[in-house]
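User: Hey, I've got a new structure open and I'm a bit lost. Can you walk me through it?

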Amino acid sequence: ALPLLGRRDVKLDLTRPAWRESEQWAFCHEFLYHDNDADRLLYPARFMVVLGSVLLGSLVFCWTRELFGFGVAVLSLVLYTCEPNLLAHAAVVSTDFGVVCFLFGALYFAWRTVRALTIGNLAGLTLFVALAEVSKYTAVLLVPVLGLLFGWQVLTSVPWPGRWPLATRRRKLGAVLGLATGVVAVTVLAIWAVYGFRHQVQADRPLSYSLSHVPAVQHQSPRLAALVSWVDDRALLPQAYTQGFLLGQVKSQQRGGYLAGQYRLTGWWYYFPVVFLLKTPLTVLLLFFAGLVVVAVRWRDCQGAGPFLLLFPLVYFLAILGARVNIGVRHLLPVYPFVLLVAAAALAELWRQRHWVLLAGLGGFLVLEFALVYPHPLACFNLLIGGPRHGQEWLVDSNLDWGQDLKGLKRWMDAHGVTAINLSYFGMADPAYYGIRCRYLPGSPFFAETQVQ
């Protein structure tokens, strides 16, 4: 949103009925496609996400270089740029890619901080934790993970390197407590800043709301509702932040999902393992599982990075197994940079043993897999099920389409002389905005009309 803050031509009409009646989808549609020029808003916002993808690629490269050297870092960057799931979400305005980047950065600087307690590493850790926490609520999982990693640093008898090395457990404990206090303080300040230092929601007047006493919320998440009420009563955090967290947890208890011809409201515990196996390129899968073996066998060569590479993906994966929002691989994205770094361990072993032919073969197969899904990386499915052609037999929703290709559809219509079409697609963008004349079919967005436009 930063590029939009300085714009004076953005129209926000709070007199619309959709605003007063809390019809969020209708209001957003009117805001983008009726009150404003949607592309002029979407392009700079997407560009910021692209910058985030460049930052994440840089972090992957830097961490790999520190662990395995420059050559392997280049190979890991090739893996990153050819990973279709990350690429597909690297230009979409959502909370998904930002939190992936900042979570990975937080773990990277946590590892660097454990290796050397310096001002630069502390600043990097603090910055990325704060950015992660204001990006998406799932970043709260950083709290137990960082607690375990730094707790282990305190318990070990190994001195903590740095400008002023800490040799005793008492001194290391004091350093960790000081570090935690600073990170929490900066993160809380960042949350307040993002919400304009307002406790209550404001539009044209102060507005207070609470979901904690709604019967459905009380039934599904009574303890969390009580905690949120306690925080709100003391104005510890902006109300929009706390209530948004509560709303997200309640909505995650039940959501329609599709898997291999079945439809459920409560999802499947094995949904995301299936998604990971079907939508991750086979080259990445092979290198990842081989890398797990390498990390286990040659863990001393990983400079203590093993727990930092494996603990967060493990905690995140276990947490998401219990989630019932089975709607897309995008909810699994935070594990992918760590998957690539573990895969880099396998590449490092092949590099060390000079298996150049095997490395070249893996690179060629990776490029082939990428070519099979280009230029539609969102719909990628690996060869275990025969590629994207059979994807809809297993997964739908944002695994397959997110309504991001209306421009491509318009180009196809112009190239083939098609003036009007029958259209059913999964997205919220307005076809009329892109000059598409269509008759909407079942399954179309909420604003769809039955007549030809």
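Analyst: Sure, one term before we start: buried means under 20% relative accessible area, exposed means over 50%, and partly exposed is in between, using a 1.4 Å probe and protein chains only. This is a predicted model, where local features need pLDDT of at least 70, side-chain atom pairs count only at pLDDT 80 or more, and totals for chains, interfaces and linings use all residues. Residues are numbered from 1 along each chain as its sequence is written, and side-chain values use heavy atoms, with hydrogens and water left out.

User: OK, is T283 buried or exposed?

Analyst: T283 is buried, at a relative accessible area of 2%. You'll find T283 in helix 15, residues 282-297. Helices here are DSSP runs of H or I with at least four residues, strands are runs of E with at least two, and both are numbered from the N terminus.

User: What does T283 touch?

Analyst: Leaving aside neighbours within four places in sequence, T283 is in contact with L362, F365, L366 and E369. Contact means heavy atoms within 4.5 Å.

User: And how far apart are the C-alpha atoms of T283 and A343?

Analyst: They are separated by 9.4 Å, with the two residues 60 apart along the chain.

User: What about T242, where is that one?

Analyst: T242 sits in helix 13, which covers 239-251. T242 is buried too, with a relative accessible area of 5%. Not counting residues up to four places away in sequence, T242 touches V228, V231, D232 and L237.

User: Switching to helices: at what angle do helix 7 and helix 9 pack?

Analyst: About 10 degrees, with their axes 11 Å apart. Helix 7 is residues 96-115 and helix 9 is residues 142-155. The axes are lines fitted to C-alpha atoms, for helices over the stretch in contact, and angles run from 0 to 180 degrees between N-to-C directions.

User: So what do you call that arrangement?

Analyst: Helix 7 and helix 9 are therefore roughly parallel. Angles under 35 degrees count as roughly parallel, over 145 as roughly antiparallel, 65 to 115 as roughly perpendicular, and the rest as oblique.

User: Which residues meet there?

Analyst: From helix 7 you get L103, A106, L107, A110, T113 and V114, and they meet L142, V145, L146, L149, F150 and Q153 of helix 9. By class, this contact has 10 nonpolar, 2 polar and no charged residues. Ala, Val, Leu, Ile, Met, Phe, Trp, Tyr, Cys and Pro count as nonpolar, Asp, Glu, Lys and Arg as charged, and the others, Gly among them, as polar.

User: Any holes in this thing? How many cavities of 30 Å³ or more are there?

Analyst: The structure holds 2 of them. On a 1 Å grid over the protein atoms alone, a cavity is a set of points where a 1.4 Å probe fits but cannot get out, while a pocket is an open set with protein on both sides within 12 Å along at least five of seven lines; lining residues have an atom within 4 Å of a point. Grid points are joined across faces, edges and corners, and a volume is the space filled by probe spheres set on the points.

User: How much space is in the largest cavity?

Analyst: About 100 Å³. It is lined by 13 residues, and P281, E369, V373, F381 and N382 are the closest to its centre. Helix 18, residues 356-373, gives the most to that lining, with 3 residues.

User: And the second largest cavity, what lines that?

Analyst: D96, V99, K136, T138, Y316, R330 and P334 line it, around about 30 Å³ of space. That lining divides into 3 nonpolar, 1 polar and 3 charged residues.

User: What's the volume of the second largest pocket?

Analyst: About 810 Å³. Its lining has 28 residues, with E133, V140, V143, V184 and T187 nearest its centre. Helix 10 supplies the largest share, 8 residues. By class, the lining has 24 nonpolar, 3 polar and 1 charged.

User: Last one: any odd backbone spots?

Analyst: The peptide bond from Y374 to P375 is cis, with omega near 5 degrees, and P375 is in the loop between helix 18 and helix 19. D397 lies in the loop between helix 18 and helix 19 as well. Phi of D397 is near 55 degrees, a positive value in a residue other than glycine. D397 counts as partly exposed, at 23% relative accessibility.
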